[in-house]
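Here are my notes on the model, point by point. Have the coordinates open while you read.

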Amino acid sequence: MASRFFSFLCWQLGGGLVGWWLAHDKGAMGGIVAAALGWLALDSARGARVLAWLRRADMTGIPSVAGLWAEVVDRARRALRLREQEAAESARRLQEFLSAIQASPNGVVLLDPHGRIEWSNQTAAEQFGFDLQRDMMQQIANLVRDPAFTAYYQSAGDQEIVIAGPRSSPSRPAKLSVQLHPYGEGRKLLLSRDVTAVEQADVMRRDFVANVSHEIRTPLTVLAGFVETLQNLPLDDEERARYLGLMSQQAHRMQTLVNDLLTLSRLEGSPLPGVGEWTPAAVLMAQCQQEAQGLSAVLGKVHALIFEPAPAVEISGSPHELQSALSNLVSNAVRYTPARGSIHVQWGQLADGRGEFSVRDSGPGIAPEHISRLTERFYRVDRSRSRETGGTGLGLAIVKHVVQRHGAELKIDSTPGAGSTFAIEFPAGRLRVLSRDTTAPHAKELPAG
Ligand code: ADP
């Protein structure tokens, strides 16, 4: 400020001196006034340039001026730069924040006080079927047309609801969990989550519990009925023995069911079988043959049971799981093939090195529409025949698990009225030729347990 005053005085002094030199006393006064006006004009011009630059408020075209205006320009330039840096920092933070919300596996939509979409992440756009460009500032109620959502939106409830996704169909249901949260002045945050898998797991769990309860209730009811009869009726020894025999049958049925359930849960919960344990195919085949003969005799059917000699190969994996899978296929063939039918079991080698265990029967066969569902838990083509022969409806589900755990494949080929072939194809990596010191396969027994 002092320099400004000093410069003003210098100008006046200069003007006075020039005036005095030109016209002595009279000229001095005129020179002072003219210098003051000149200084004012120059100063105003500088001020006007600074003002014009400040109005543009950008960092380009900074005026180069001297004196006080230079300091004004410098301070304004610094303030402007600081503001630009802060704005850039805020924009960067906002961008990071939006990127984080974009990366969220859940859908996020910001709604203005009129229910229009202000912003939405890609996940929400996919889940609700929005177009991120076209549908911005559109009413959410016009885009999500599920009546449950409309009622929820209008009621302003804060509990989450589950609605069908826009691309949901009976064959491929899609479920979305949706929740609205109010924020700011009348705005709403809409969160969405794809819960299709959770809902499906829930339905499966409910079905499973219902199936198990149903399977247990039937023998339990029969058992309770017999107990009541034994308690209330005077029976002779023969009748009593018959009733006890029937009761034992029902108890056995429940036991088999529980055992199969435990096997399934063990298969699901245990680590995958390693490749270090080897079992000769002949040992597995011999056990299958023994069980098939026993079951055929128990069921009172006469079958032609043909077991081809097993090749000298060993298979790696869990011996008990493998035995349970192979025995299940053989026992199904025995149970479903009527008397005088034939059952042919063999272990073959495929051209690409894989090994194939197959069971071919001359039983009733299975219609094509059932085949893809046979490995579902409790799925039966013929309920009564399955129960009559002691089936639990879990056998092929167990086979499927074992097969998957050993990297193998289950193949089912069947013609109604002509019989079925169930085969398991084992990968070449799980097979090896039996070495000399283990060529006495029958000497190796499966460990108990
Ligand atoms: P189950 O205990 O009822 O036999 P599985 O899971 O072993 O249960 O088999 C599922 C269904 O597949 C059976 O109920 C039966 O209808 C059908 N099935 C299985 N094996 C055969 C077969 N060899 N011949 C005809 N039907 C079969």
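1. A word on classes before the ligand: Ala, Val, Leu, Ile, Met, Phe, Trp, Tyr, Cys and Pro count as nonpolar, Asp, Glu, Lys and Arg as charged, and the others, Gly among them, as polar. On that basis the shell around the ligand breaks down into nine nonpolar, seven polar and four charged residues. Keep in mind throughout that this is a predicted model.

2. Who lines the site? The ligand has 20 residues around it. The closest include Arg-335, Tyr-336 and Ser-386, and Gly-393 and Leu-396 are also on that list.

3. Which elements supply the shell? At least two residues each come from α9 (319–336), α12 (395–405) and β12 (419–426). The largest share belongs to α9, with four residues.

4. Now the polar contacts, which are worth checking by eye. On the nitrogen side, a ligand nitrogen atom sits 2.9 Å from a polar side-chain atom of Asp-361. For oxygen, there is a backbone N or O atom of Val-381 at 3.0 Å from a ligand oxygen atom. A polar backbone atom of Thr-392 also lies 2.8 Å from an oxygen atom of the ligand. As for cover, the ligand taken alone exposes 520 Å², and the protein buries 98% of that.

5. Next, the sheet that includes β12. How are its strands ordered? It is an open sheet of five strands running β7-β9-β10-β12-β11, and the pairing is mixed. At the edges are β7 (304–307) and β11 (409–415), each of which pairs on one side only. Ignoring direction, neighbouring strands here are turned by 10 degrees against each other on average.

6. Inside that sheet, have a look at β10 (residues 355–361) and β12. The two pair in the antiparallel sense, over six bridges. One place to find the register is Ser-358, which stands opposite Ala-423 in β12. Note that β12 is also one of the elements that supply at least two residues of the ligand shell.

7. There is another open sheet of five strands, with the order β2-β1-β5-β4-β3 and antiparallel pairing. Its edge strands are β2 (117–120) and β3 (161–164), and each of these pairs on one side only. From one strand to the next, the twist averages 30 degrees. As a general reminder, strands of a sheet pair through backbone hydrogen bonds, either parallel or antiparallel.

8. The β1 and β2 hairpin deserves its own point. Strand β1 (residues 107–111) runs antiparallel to β2, and three bridges join them. Leu-111 has Ile-117 of β2 as its bridge partner, while Leu-110 stands opposite Trp-119 in β2. Five residues lie between the strands, and in this hairpin Gly-115 takes a positive phi near 80 degrees.

9. Last, the overall picture. The protein has 12 helices and 13 strands. How does the radius of gyration compare with that of a compact globule? For 449 residues such a globule would come out near 22 Å, but the protein has 45 Å. Along its principal axes, the C-alpha trace spans about 155 × 65 × 40 Å. I'd suggest giving both figures together when you describe the overall shape.

Notes
Residues are numbered from 1 along each chain as its sequence is written. This is a predicted model: local features need pLDDT of at least 70, side-chain atom pairs count only at pLDDT 80 or more; totals for chains, interfaces and linings use all residues. Side-chain values use heavy atoms; hydrogens and water are left out. A residue is near a molecule or strand if one of its heavy atoms lies within 4 Å of it. A polar contact is a pair of N or O atoms within 3.5 Å; within protein, one must be able to donate a hydrogen and the other to accept it, and residues adjacent in sequence count only if both atoms are side-chain atoms. Accessible areas come from the Shrake-Rupley method with a 1.4 Å probe; for residues, only the protein chains shown count as cover. Two strands pair if DSSP finds at least two bridges between them. Axes are lines fitted to C-alpha atoms, for helices over the stretch in contact, and angles run from 0 to 180 degrees between N-to-C directions. The radius of gyration is taken over C-alpha atoms; the globule rule is 2.2 Å times the number of residues to the power 0.38.
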